[in-house]
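Please open the model in your viewer, with a cartoon for the backbone and sticks ready for the side chains. The stops below each begin with something to select, followed by an account of what is there.

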Amino acid sequence: MFTIDDYLDLACKRQGTTSRRALAPLLGVNPSAISLYSTRRAWPADATMIRLANLAGLDSAQALMDLNLWRNDTPEVRNKYQQISDILKRAAVSLSLAAILVIPAGTQAEQNVTSSAVTVYYGKY
């Protein structure tokens, strides 16, 4: 799981700025909102979080999962979101491995899928 700081820092890096406040117009929020996110006094709206993930070059579905983990201070609710996140990660790996096994050996398609699956697997873990 990434933190809000990770998302903001990666977005800054990818956008070529050192100022988090410079992200505000790109996210469609007031610059003061960035400070509120950084200090955990407020959290981005779902649509803003998707834009932030895109600016950071990260998966927007995972970003929404992270956002819901941050928003909830009840341990039971946080644990459920963490379980959902873990299930989705395992499912992605399983699907990648299944694709490798289903495609006939020696085909160009198999080589492409194998490369993609390895990239996904090592890229996520």
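The tour goes from the whole chain to a group of charged side chains, and then to two helix contacts.

**The whole chain**

Begin with everything shown as a cartoon, and keep in mind throughout that this is a predicted model. The protein contains 7 helices and 0 strands, so that, read along the sequence, its pattern is α-α-α-α-α-α-α. If you colour by accessibility, the buried residues account for 26% of the 125 residues in the protein. Contacts can be sorted by their separation in sequence: among those between residues at least 6 apart, 48% join residues at least 24 apart.

**Select D5, D9, R20 and R40**

Next, show the side chains of these four residues, which salt bridges with shared partners join into one network. How many salt bridges does a search of the whole structure find? The search finds 4, and three stops within the network follow. As background, side chains of opposite charge can pair when their charged atoms come close.

Start with R20 and D5, whose side chains meet in a salt bridge with an N to O distance of 3.1 Å. This pair links distant parts of the chain, since R20 sits in the loop between α1 (4–15) and α2 (24–27) whereas D5 belongs to helix α1, 15 residues apart. R20 has a relative accessibility of 22% and therefore counts as partly exposed, the buried class being reserved for values under 20%.

Keep R20 selected and add D9, because the side chains of D9 and R20 also meet in a salt bridge, at 2.8 Å from N to O. Here again distant parts of the chain are linked, with D9 in helix α1 and R20 in the loop between α1 and α2, 11 residues apart. D9, at 43% relative accessibility, is partly exposed.

Now return to D5 and look for R40, which forms a salt bridge with D5 in which the closest N and O atoms are 3.0 Å apart. The two residues are 35 residues apart and again link distant parts of the chain, R40 being in the loop between α3 (31–38) and α4 (46–56) and D5 in helix α1.

**Select R40, then R71**

Stay on R40 and turn to its backbone: its phi is near 65 degrees, a positive value in a residue other than glycine. R40 lies in the loop between α3 and α4, and it counts as partly exposed at 36% relative accessibility.

From R40, add R71, whose C-alpha atom is separated from that of R40 by 9.3 Å although the two residues are 31 residues apart along the chain. R71 lies in helix α5 and is partly exposed, with a relative accessible area of 34%. Which residues does R71 contact, leaving aside its neighbours within four places in sequence? They are W43, P44, A45 and D46.

**Select α4 and α5**

R71 also leads into a helix contact, so show α4 together with helix α5 (residues 60–71). These helices pack at an angle of about 130 degrees with their axes 9 Å apart, which makes α4 oblique to α5. Their crossing is right-handed. On the α4 side the contact is made by D46, M49, I50, A53 and N54, and on the α5 side by S60, A63, L64, L67, W70 and R71. Colouring this contact by residue class gives 7 nonpolar, 2 polar and 2 charged residues.

**Select α1 and α4**

For the last stop, keep α4 on screen and replace α5 with α1. The axes of α1 and α4 come within 7 Å and cross at roughly 50 degrees, and that angle makes α1 oblique to α4. Is this crossing left-handed or right-handed? The crossing of α1 and α4 is left-handed. From α1 the contact takes in I4, Y7, L8, L10, A11, R14 and Q15, while α4 contributes M49, L52, A53, N54, L55 and A56. By class, this contact has 10 nonpolar, 2 polar and 1 charged residues.

Notes:
Residues are numbered from 1 along each chain as its sequence is written. This is a predicted model: local features need pLDDT of at least 70, side-chain atom pairs count only at pLDDT 80 or more; totals for chains, interfaces and linings use all residues. Side-chain values use heavy atoms; hydrogens and water are left out. Helices (H or I, at least four residues) and strands (E, at least two) are DSSP runs, numbered from the N terminus. Buried means under 20% relative accessible area, exposed over 50%, partly exposed in between (1.4 Å probe, protein chains only). Axes are lines fitted to C-alpha atoms, for helices over the stretch in contact, and angles run from 0 to 180 degrees between N-to-C directions. Angles under 35 degrees count as roughly parallel, over 145 as roughly antiparallel, 65 to 115 as roughly perpendicular and the rest as oblique. A crossing is left-handed if the near helix is turned anticlockwise from the far one by less than a right angle, and right-handed if clockwise. Contact means heavy atoms within 4.5 Å. Ala, Val, Leu, Ile, Met, Phe, Trp, Tyr, Cys and Pro count as nonpolar, Asp, Glu, Lys and Arg as charged, and the others, Gly among them, as polar.
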